[in-house]
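Let's walk through this one together, starting from the inside and working outwards. Keep the viewer open as you read.

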Amino acid sequence: MNQMQQMLAQAQRMQRELLKAHEALDAKDFTVKKAGIVEVTLKGNKTVSKVTIDASALSADNKEMIEDTIAMAINEALDEIKKESDAIDERVTGQKGALPF
């Protein structure tokens, strides 16, 4: 096998590994609790699968605080997903940042 074929085979292996790792990431749950009143769960594919609000926090006076807390929890979960995705890419490709293909 010549060098070009070896490089192509290596790139194809990396693509398969990345696909497999990202499929596992997509199915993984990321749960964040904020202020003891809000819990959100996102899948690794960035879909929200659950939002729980403590009943004691539910009042008209707390509406804005609850909305802000939900947004913060979702953003934190998205950050966790991004970090894990970046770690997968770096582990498989050996490079941080942009993929080599």
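A nonpolar core, as the term is used here, is a set of buried Ala, Val, Leu, Ile, Met, Phe, Trp, Tyr and Cys residues joined through side-chain atoms within 4.5 Å. Buried, in turn, means under 20% relative accessible area. Bear in mind that what you're looking at is a predicted model.

With that in hand, look for the largest nonpolar core, which has 18 residues. The members that touch the most others are V38, V40, I66 and I88. Which elements each supply at least two residues of this core? They are α1 (3-27), β1, β2 and α2 (63-93). The top contributor is α2, which gives 7 residues.

Now for the sheet. The strands sit in the order β1-β2-β3, making an open sheet of 3 strands with antiparallel pairing. Because β1 (29-34) and β3 (48-53) stand at the edges and have a single partner strand each, one side of each lacks a neighbour in the sheet. If you look at how neighbouring strands are turned against each other, the average is 10 degrees, ignoring direction. As a reminder, strands of a sheet pair through backbone hydrogen bonds, either parallel or antiparallel.

Take the β1 side to begin with. β1 and β2 run antiparallel and are joined by 6 bridges. One pair to pick out is D29, which stands opposite K43 in β2. The two strands form a hairpin with 3 residues between them, and A35 is found in that loop between β1 and β2. Check the backbone torsions there: A35 has a positive phi, near 55 degrees, even though the residue is not a glycine. Most residues other than glycine have a negative phi. A35 also counts as exposed, because its relative accessible area is 66% and the cut-off for exposed is over 50%.

On the other side, β2 (residues 38-43) meets β3 through 5 bridges, again antiparallel. You can follow the pairing along the strands: V40 stands opposite V51 in β3, T41 has K50 as its bridge partner, and L42 has V48. In a regular strand the side chains alternate between the two faces of the sheet, which is handy to keep in mind as you step along.

The β2-β3 hairpin has 4 residues between its strands. K46 is the residue to click on in this loop. What sign does the phi of K46 have? It's positive, at about 75 degrees, although K46 is not a glycine. K46 counts as exposed as well, since its relative accessibility is 52%.

Finally, go back to β3 and look at the surface. V48, V51, I53 and L58 form a nonpolar patch there, with about 320 Å² of accessible area together. V51 is the one to linger on, because several threads meet at this residue: V51 lies in strand β3, V51 is the residue V40 stands opposite, and V51 counts as partly exposed because its relative accessibility is 41%. V40, its partner across the strands, is among the core members with the most contacts to other members. V48 ties in too, being a patch member and the bridge partner of L42.

How values were computed
Residues are numbered from 1 along each chain as its sequence is written. This is a predicted model: local features need pLDDT of at least 70, side-chain atom pairs count only at pLDDT 80 or more; totals for chains, interfaces and linings use all residues. Side-chain values use heavy atoms; hydrogens and water are left out. Two strands pair if DSSP finds at least two bridges between them. Axes are lines fitted to C-alpha atoms, for helices over the stretch in contact, and angles run from 0 to 180 degrees between N-to-C directions. Patches are made of residues with over 30% relative accessible area and no salt bridge: like charges are joined within 9 Å, nonpolar side chains (Val, Leu, Ile, Met, Phe, Trp, Tyr) within 5 Å. Accessible areas come from the Shrake-Rupley method with a 1.4 Å probe; for residues, only the protein chains shown count as cover. A salt bridge is a side-chain nitrogen of Lys or Arg within 4 Å of a carboxyl oxygen of Asp or Glu. Buried means under 20% relative accessible area, exposed over 50%, partly exposed in between (1.4 Å probe, protein chains only).
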